[in-house]
Amino acid sequence: MKPQVKPSGSWPSEHWKIADVARGAVQIIQTAYDSTTQEFYWVQKSPANKGRQQIWRHSIVDDQTTLFHPEFDAETKVRAWYGGGSLVVGCGMVAASNMQGLYILPKNDNDPIPLTPASDTLGWADGVMDITRNRIVSVCEDIAQGVQRPVYSIRGVSLTPSDKIQELVAGHS
């Protein structure tokens, strides 16, 4: 059998079909479980939602339902450098960060309640509920102007929106 000669990139391949399917697939970005309410949560990104990251919930009582209106994007800007997830659940509460800040998400579908001021330089990720101290403990990424690399800290963000944010561990880059 004589070998065929074809220009680079013109060979038929099953891999291209797989790549086409993957581009249109739903992506699960993060998962979390609240043992208090026995609810499983996940952040999902899909082409049907224009690439927005939405939080879904599954409980014993009901099937999959979105927690936010479709315009809320649960993607944190911290992913660019540090990585880390935007979703925080625990003790029946749900919170998430997005490109503007950290929010409590009421289960009654009311608007998200900001816990941090909107910021172009601060990002929030990998939070955990600290119900004993009424706060979320979260990684904070600071990308202030003129800095070569982001500066990371661990901060306590009060679950009461008017309270201040406490820096717990600081100065890591």
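## Disulfides and cysteines

A search of the whole structure, which is a predicted model, finds zero disulfides. A disulfide is a covalent bond between the sulfur atoms of two cysteines. No pair of cysteine sulfur atoms here lies within 2.5 Å, so none counts as a disulfide.

How accessible is Cys 91? Cys 91 is partly exposed, because its relative accessible area of 45% falls between the cut-offs of 20% and 50%. Is Cys 140 buried or exposed? Cys 140 is buried, because its relative accessible area is 0%, and buried means under 20%.

## An open sheet

Strands of a sheet pair through backbone hydrogen bonds, either parallel or antiparallel. Which kind of pairing appears in the sheet with the order S5-S6-S7-S8? The pairing is antiparallel. This sheet is open and has four strands. Its edge strands are S5, residues 87-90, and S8, residues 113-114. Each edge strand pairs on one side only.

Now look at one pair. Strand S6 covers residues 93-97. S5 and S6 run antiparallel and share four bridges. One contact can be named: Gly 90 has Met 93 of S6 as its bridge partner.

## A nonpolar patch

Which residues form a nonpolar patch on the surface? They are Ile 154, Leu 168 and Val 169. Together they have about 200 Å² of accessible area.

Take Leu 168. It sits in strand S12, residues 165-172. Its relative accessible area is 35%, so Leu 168 is partly exposed. That value is over the 30% that a patch residue needs.

Methods: Residues are numbered from 1 along each chain as its sequence is written. This is a predicted model: local features need pLDDT of at least 70, side-chain atom pairs count only at pLDDT 80 or more; totals for chains, interfaces and linings use all residues. Side-chain values use heavy atoms; hydrogens and water are left out. Two strands pair if DSSP finds at least two bridges between them. Helices (H or I, at least four residues) and strands (E, at least two) are DSSP runs, numbered from the N terminus. Patches are made of residues with over 30% relative accessible area and no salt bridge: like charges are joined within 9 Å, nonpolar side chains (Val, Leu, Ile, Met, Phe, Trp, Tyr) within 5 Å. Accessible areas come from the Shrake-Rupley method with a 1.4 Å probe; for residues, only the protein chains shown count as cover. A salt bridge is a side-chain nitrogen of Lys or Arg within 4 Å of a carboxyl oxygen of Asp or Glu. Buried means under 20% relative accessible area, exposed over 50%, partly exposed in between (1.4 Å probe, protein chains only).
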